[in-house]
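Visitor: Could you take me on a close look at one part of this protein and then connect that part to the rest? I would like one long, joined-up answer.

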Amino acid sequence: MIKVGIIGCGKIAQVRHLPEYADNPYCEIAAVFDVNGERAKEMAEKYNARVYDSYEELLNDSAIDAVSICTSNIVHASITIAALNAKKHVLCEKPMAVTLEDCEKMVAVSKKNNRFLMIGQNQRLARAHVYAKRLLQNNEIGKVIRFHTEFSHAGPETWSVDPGSDVWFFNKQTAVMGAMADLGIHKTDLIQFLLNDYITKVTAQMTTLDKCYSNGDRIGVDDNSICIYEMSKGCIGTMTASWTNYGKENNATILYGTEGVMKIYDDPEYSIIVEKKNGEKILYDIDQIQTNDNQTKSGVIDAWIDSIRNNIQPDISGESVLNSMRVVFAAMESAEKGKTIEIGES
């Protein structure tokens, strides 16, 4: 039985990590820590776990095999590195870290300590995305030459145990990035996964168009990020991450190939629609992607526990996410300097 500790007991832990660990027969939630002691105590009672007074105390417990890092962005790297040095396997929520140097250090420390590091890029596990990748590998729409991928909703105001206009997501000191870190990293990672290719150039606009704190001041991070991505094999496309979509949540990806078009999670009934060059239309009813208001099992925890049990590097390893993070930081640089940024050597 794998003994797991949860560091950070906020919304992502309560909605995904804790219930999914509890549902897995091969692990036990043994420990929890949160800066809010009452919150940690509530989760500990619910899942029959022990509360620790600090994350350092939790990491010093030799009985703990693995931890989930479910904290604000700014401390992902420091706690992950401490956990790896304490010989724990680490599942860290996205974004991996807030600097590229920290991301690379996390991977290096994982290798040094011979411990797994997995990042919660759950869109790679969505069933329609997995199926779509298989179709693309079978040349279903020919060579993909253009794409648009988007993740947009009304914002994270309710995606917190402390909801409202002053959520930590809006604070540059704790989040560093806004919609790009919250949503854009998902679609950046996804497009590389689907196309089995790497983004090599980024042209981006990251801006704050509408979101304000409760006092009326504009929030400290981007509420919209729009990027043009150029891929190593010649494909070009756009990625939009937005917290100002006040209609139906959009989590769609559209791929334009030489032999047709593939629409993923673009239709309320069919999760994949393929429109062929010859007029043929193929409908796939596989699943519907989860939304903030309709959470389903992500598959992340089961994949994570399987990796540890079988001593196999997780598919969504820290190393596999590095290029996606390089793109995110390149987008920030592009937006700041107003020019296209080339991605460094992967």
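Guide: Let's start with Asn196, which counts as exposed because its relative accessibility is 51%; exposed means over 50% relative accessible area, buried means under 20%, and partly exposed lies in between, with a 1.4 Å probe and protein chains only. Asn196 sits in the loop between H8 and strand S8 (199–207). Here helices (H or I, at least four residues) and strands (E, at least two) are DSSP runs numbered from the N terminus. Although Asn196 is not a glycine, it has a positive phi of about 50°. Most residues other than glycine have a negative phi, and most peptide bonds are trans.

A word on the basis of all this: the model is predicted, so local features need pLDDT of at least 70 and side-chain atom pairs count only at pLDDT 80 or more, while totals for chains, interfaces and linings use all residues. Residues are numbered from 1 along each chain as its sequence is written, and side-chain values use heavy atoms, with hydrogens and water left out.

Two other backbone features are worth finding on your screen. Asn139, in the loop between H6 and strand S7 (144–152), has a positive phi of about 65° and is not a glycine either. Lys94 and Pro95 are joined by a cis peptide bond with omega of about -10°, and Pro95 belongs to the loop between strand S5 (89–92) and helix H5 (100–112).

Now back to helix H8 (residues 179–195), which gives the largest nonpolar core its largest share, ten residues. That core has 112 residues, and Tyr21, Met96, Leu255, Met262 and Ile272 have the most contacts inside it. A nonpolar core is a set of buried Ala, Val, Leu, Ile, Met, Phe, Trp, Tyr and Cys residues joined through side-chain atoms within 4.5 Å. In soluble globular proteins, nonpolar side chains tend to be buried together. Contact means heavy atoms within 4.5 Å, and beyond four places in sequence the partners of Ile272 include Ala128, Tyr131, Ala132 and Leu135, as well as Met262 and Ile286.

His129 brings us to helix H6 (residues 127–137). With 0% relative accessibility, His129 counts as buried. Setting aside residues within four places in sequence, His129 contacts Gln123, Leu190, Phe193, Leu194, Ile264, Tyr265 and Ile289. The C-alpha atoms of His129 and Ile191 are 9.9 Å apart, with their positions 62 residues apart along the chain.

Follow the contact from His129 to Ile289, and you reach the loop between strand S14 (281–284) and helix H9 (300–310). Ile289 counts as buried because its relative accessibility is 17%. Apart from residues up to four places away in sequence, Ile289 touches Gln123, His129, Asn251 and Tyr265. Its C-alpha atom is 8.2 Å from that of Ala128, although the two are 161 residues apart along the chain.

Finally, step back to the whole protein, which has ten helices and 15 strands. Buried residues make up 55% of its 346 residues. Among contacts with a separation of 6 or more, 68% join residues 24 or more positions apart. The C-alpha atoms fill a box of roughly 60 × 50 × 40 Å along the principal axes.
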